[in-house]
Amino acid sequence: MEPVNLRSFKQKVRHHHSAFKKYLGKVEKKPPRTLNKLVVTLNDAVWKEIDCLTCANCCKTMTPTFTNADMKRIAAYLNITVDEMKNRWLHFDKKDKDWVNDKQPCQFLNLKDNKCSIYAVRPQSCAGFPHLTKKPVVQYLHVHQQNVQYCPATYSMVEKMMEAISL
């Protein structure tokens, strides 16, 4: 498994992003019957290639959403109140109606080893990221359209889908 080269990844994204978005839009409109089964197979291949600890681009460039349950769990783990956590690191996004980080990279990311300091209690949106095998897959293709520009695993999944399902 090769370490993720973020510079190379960002160049590939710039070159292929619109084609990937267009492809996923077509799959969304006319999904193959075998899509859910195919994604499980492709997922195994993706994770043989991608090591998140050599990347952490999601933690460097995106923000998770923090549910009330996430905030209670994380605050308890950190031995602070939910209000302290909100005041220190979060803001309420009025447009999306979500609690999100004030800044990137994520305050819980150790930039030396790309490990999460709250991994055991991380937000559910982090635990599920990049949501490659959520079913029915067709309902998450819009998420993949967004994540393909941030996540090498999502990029690889879409690349493999394009090879397996030509439209």
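**Exercise 1. At what angle do the axes of helix H1 and H8 cross, and within what distance do they come?**

Solution. The model used here is predicted.
Step 1: locate the helices. H1 spans residues 6-29, and H8 spans residues 152-164.
Step 2: read the axes. They come within 10 Å and cross at roughly 55°.
Step 3: classify the angle. Roughly parallel requires under 35 degrees, and roughly perpendicular requires 65 to 115, so H1 is oblique to H8.
Step 4: give the hand. The crossing of H1 past H8 is left-handed.
Step 5: list the residues that meet. On the H1 side they include Phe9, Phe20 and Leu24; on the H8 side, Tyr155, Val158 and Met162 are among them.

**Exercise 2. State which residues form an aromatic cluster, and how many aromatic pairs the structure holds.**

Solution.
Step 1: the structure holds four aromatic pairs.
Step 2: one aromatic cluster is formed by Phe9, Phe20 and Tyr155.
Step 3: place these residues. Phe9 and Phe20 are in H1, while Tyr155 is in H8, and they are among the residues through which these helices meet.

**Exercise 3. Determine whether Thr154 and Met157 are buried or exposed, and list their contacts.**

Solution.
Step 1: Thr154 lies in helix H8, and Met157 is found in H8 too.
Step 2: buried means under 20% relative accessible area. Thr154 has 1% relative accessibility, so Thr154 is buried. Met157 also has 1%, and therefore counts as buried.
Step 3: leave out residues up to four places away in sequence. Thr154 then touches Pro130, Leu132, His144, Asn147 and Val148. Met157, treated likewise, contacts Val39, Leu42, Asn43, Val46 and Leu132.
Step 4: compare the lists. Leu132 appears in both.

**Exercise 4. Classify the arrangement of H4 and H5.**

Solution.
Step 1: H4 covers residues 68-78 and H5 covers residues 82-89.
Step 2: their axes come within 8 Å and cross at roughly 95°.
Step 3: the range 65 to 115 degrees counts as roughly perpendicular, so H4 and H5 are roughly perpendicular to each other.
Step 4: the contact is made by Met71, Lys72, Ile74, Ala75 and Leu78 of H4 with Val82, Met85, Lys86 and Trp89 of H5.

**Exercise 5. Which rings do Arg88 and Arg122 lie over?**

Solution.
Step 1: Arg88 lies over the face of Trp89, 4.9 Å from the ring centre. Trp89 also takes part in the contact between H4 and H5.
Step 2: Arg122 lies over the face of Tyr119, at 3.8 Å from the ring centre.

Notes:
Residues numbered from 1 in each chain as written. Predicted model: local features only at pLDDT ≥ 70, side-chain atom pairs only at ≥ 80, totals over all residues. Heavy atoms only, no water. Phe/Tyr/Trp six-rings, centres within 6.5 Å; stacked < 30°, edge-to-face > 60°. Lys NZ or Arg CZ within 6 Å of the ring centre and 35° of its normal. Helix = DSSP H or I, 4+ residues; strand = E, 2+ residues; numbered from the N terminus. Buried < 20%, exposed > 50% of the residue type's maximum accessible area, 1.4 Å probe, protein only. Contact = heavy atoms within 4.5 Å. Axes fitted to C-alpha atoms, helices over the stretch in contact; angles between N-to-C directions. Parallel < 35°, antiparallel > 145°, perpendicular 65-115°, else oblique. Left-handed = near helix turned anticlockwise from the far one by under 90°.
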